[in-house]
Amino acid sequence: MRAAVGYKTIRKYENYSRSYFDPGFDSDEMKGYITRKTGVYILEKGMEYLMNNHEMVKEINVLENSIKQVLCELEKLKNIAPQKVKLRAVKHGNVYQYFIRREKSDTNGEYISKKELSKAFMLAQIEYDERLLALLKDAKNTLEKYIASEISNPYETALKEMSLGKRELIQSHYISDGDYIKKWIEQKYIGLPFKEDYPEYYTRQGLRVRSKSEVIIADILEENGIPFLYEKPLRLKKRTVHPDFTLLNIKERKEVFWEHFGMMDDMEYRDEALLKIREYEANGFYQYDSVIWTFESAKHPVNTREIRNMVRVLCEALGY
C-alpha cells in the first residue's frame with residue numbers, strides 16, 4: 001500500500017477561507033447540492049451565494065495591475081495635454097466638432113481645428129482614464145472589504161458563533177482547500193512495483209521514481225507547491241493505467257494526469273505511448289483539460305527550463 005507523498009506546502013493552504021460542500025472525491029455526490037459557475041458557487045438549497053475567495057484575490061490583482069497601467073498613461077497624457085481645461089463635443093451634421101472650455105462659465109469654448117485635433121484625442125482619453133480609474137479603485141475596495149468581512153465565509157462564521165462544545169457535535173457542510181489537499185494526498189493506493197535490478201532514482205523528498213526525467217518533474221512540482229501522487233492507478237474502460245503523476249486541480253477539485261514518455265526513439269515504446277494516449281482520449285481525458293503529455297528521446301532530452309516554465313503556468317491554472 002503506497003501513501004501519497006507528504007508536502008510541506010500543505011501549511012500554505014490550511015488557512016484558505018474558500019469553502020463549500022465537501023464532495024469527497026466523487027463529483028456525483030455534489031449533484032442536487034451545488035452548481036459551479038465562474039467564480040461563484042450557487043447553493044441550490046436556499047439559493048445563497050458564496051464568492052470563490054481565490055478568484056476574488058486573483059481579480060484584485062488584475063484590478064491593481066489595471067490601476068497601475070491607467071495611472072501611468074494618465075500621467076504621460078497630463079504632461080503634454082492642455083492644463084485645467086475641459087473638452088466639449090458638439091454634433092454638426094454627420095460629424096462632431098470639438099471645443100476647449102477653459103472656464104465653467106465658458107459654455108461654448110474655443111474651437112479645435114483639424115490641425116490640432118490631437119488635443120481633442122488627449123483630453124477625451126484623459127477624461128475616460130480618470131473615470132475608469134475611479135471605478136477600478138471602487139471595484140478593488142469593494143472586493144477587499146468583502147474578503148475581509150465575515151459575509152465572505154458564512155460557514156466558518158456560523159461555527160465561530162457557537163460554543164466549542166457544540167462545534168464538536170456538528171457535521172460540517174464544507175471543507176477548506178487546505179483540508180481538502182491534506183485529505184487528498186493522504187489517500188492510500190497500490191502503485192506499480194519496482195523490479196529488483198531496476199535503477200534507483202530518488203526525488204529530493206525521498207520518493208523513488210523510474211527515471212532522471214521523473215526526478216526533475218517531481219522536484220519542480222514540489223518547488224511550485226503542486227501536490228501530486230506518483231503512479232496512482234486510474235481505471236479506464238479496457239484496463240487500469242498508472243499515470244506518472246496525478247495532480248490536484250484545487251480550483252475545480254478534480255484530478256489531472258501527467259504522462260511523461262521518455263523513450264520516443266524506441267519504435268515499440270512509441271507505438272505503446274500513442275496507443276495509451278488514444279485510450280485516454282477514448283475515456284474522455286483530453287490534453288489541456290485533464291491530461292498533460294511530455295516527450296523526450298535520446299537526441300532531444302527533457303528541457304529542464306521549459307518544464308519549469310510550464311509548471312509555473314500550470315501552478316496558476318490549478319489554483320496554487
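This passage walks through a predicted model, from a small sheet to salt bridges, nonpolar cores and two individual residues.

A good place to begin is a sheet built from three strands. The sheet is open, its strands follow the order β6-β7-β8, and their pairing is antiparallel. At the edges lie β6, covering residues 86-92, and β8, covering residues 110-111, each of which pairs on one side only. Between β6 and β7 (residues 95-101) there are seven bridges, and these two strands run antiparallel. Within this part of the sheet, Lys91 stands opposite Tyr96 of β7. The sheet also has a helix for company: α3, residues 117-148, packs on the sheet and touches both β6 and β7. The direction of α3 makes an angle of about 75° with that of β7.

Charged side chains come next. Side chains of opposite charge can pair when their charged atoms come close. In this model, the count of salt bridges comes to 20. One of them joins Arg102 to Glu110, with 3.3 Å from N to O. Both partners have some access to the surroundings: Arg102 is partly exposed at a relative accessible area of 44%, and Glu110 is partly exposed at 42%.

Another salt bridge is found within helix α3, where Glu127 pairs with Arg131 and the closest N and O atoms are 3.1 Å apart. How far apart are Glu127 and Arg131 along helix α3? They are four residues apart, so about one helical turn separates them. Their surroundings can be compared with the help of the accessibility values: Glu127 is partly exposed, with a relative accessible area of 33%, whereas Arg131 counts as exposed at 57%.

A third example brings together Lys276 and Glu259, whose closest N and O atoms are 3.0 Å apart. This pair links distant parts of the chain, with Lys276 in helix α8 (residues 267-282) and Glu259 in strand β17 (residues 254-261), 17 residues apart. Are these two residues buried or exposed? Lys276 counts as buried, with a relative accessibility of 16%, and Glu259 counts as buried too, at 2%. Salt bridges can also share partners, and in this way Arg204, Asp219, Glu223 and Arg308 are joined into one network.

The nonpolar residues can be followed in a similar way. The largest nonpolar core holds 31 residues. Which of its members touch the most other members? They are Leu221, Ile226, Phe228, Phe245, Leu247, Trp258 and Tyr320. Two or more residues of this core come from each of α6 (177-185), α7 (212-223), β13 (228-230), β16 (245-249), β17 and α9 (304-318). Trp258 shows how such a residue is surrounded: leaving out residues up to four places away in sequence, its contacts include Ile217, Leu221, Phe245, Leu247, Ile292, Ile307, Met310, Val311 and Leu314. There is also a second, separate core, made of 13 residues, with Met56, Ile60, Ile67 and Leu136 among them.

Two of the helices that contribute to the largest core, α7 and α9, also pack together, at an angle of about 40° and with their axes 10 Å apart. The crossing of α7 past α9 is right-handed. On the α7 side, the residues that meet α9 are Ile216, Ile217, Ile220, Leu221 and Glu223. Their counterparts in α9 are Thr304, Ile307, Arg308 and Val311. Glu223 and Arg308 have appeared before, as members of the salt-bridge network.

Finally, two single residues invite a closer look. Thr246 lies in strand β16 and is buried, with a relative accessible area of 0%. Beyond four places in sequence, Thr246 touches Trp184, Pro227, Phe228, Leu229, Lys232, Glu255, Val256 and Phe257. One of these, Pro227, is 19 residues from Thr246 in sequence, and their C-alpha atoms are 8.6 Å apart in space.

Phe295 belongs to strand β18, residues 291-295. Phe295 counts as partly exposed, with 41% relative accessibility. Apart from its neighbours within four places in sequence, Phe295 is in contact with His260, Phe261, Met264 and Ile277. Phe295 and Met263 are 32 residues apart along the chain, while 7.9 Å separates them in space, C-alpha to C-alpha.

Terms used: Residues are numbered from 1 along each chain as its sequence is written. This is a predicted model: local features need pLDDT of at least 70, side-chain atom pairs count only at pLDDT 80 or more; totals for chains, interfaces and linings use all residues. Side-chain values use heavy atoms; hydrogens and water are left out. Two strands pair if DSSP finds at least two bridges between them. Contact means heavy atoms within 4.5 Å. Axes are lines fitted to C-alpha atoms, for helices over the stretch in contact, and angles run from 0 to 180 degrees between N-to-C directions. A salt bridge is a side-chain nitrogen of Lys or Arg within 4 Å of a carboxyl oxygen of Asp or Glu. Buried means under 20% relative accessible area, exposed over 50%, partly exposed in between (1.4 Å probe, protein chains only). A nonpolar core is a set of buried Ala, Val, Leu, Ile, Met, Phe, Trp, Tyr and Cys residues joined through side-chain atoms within 4.5 Å. A crossing is left-handed if the near helix is turned anticlockwise from the far one by less than a right angle, and right-handed if clockwise.
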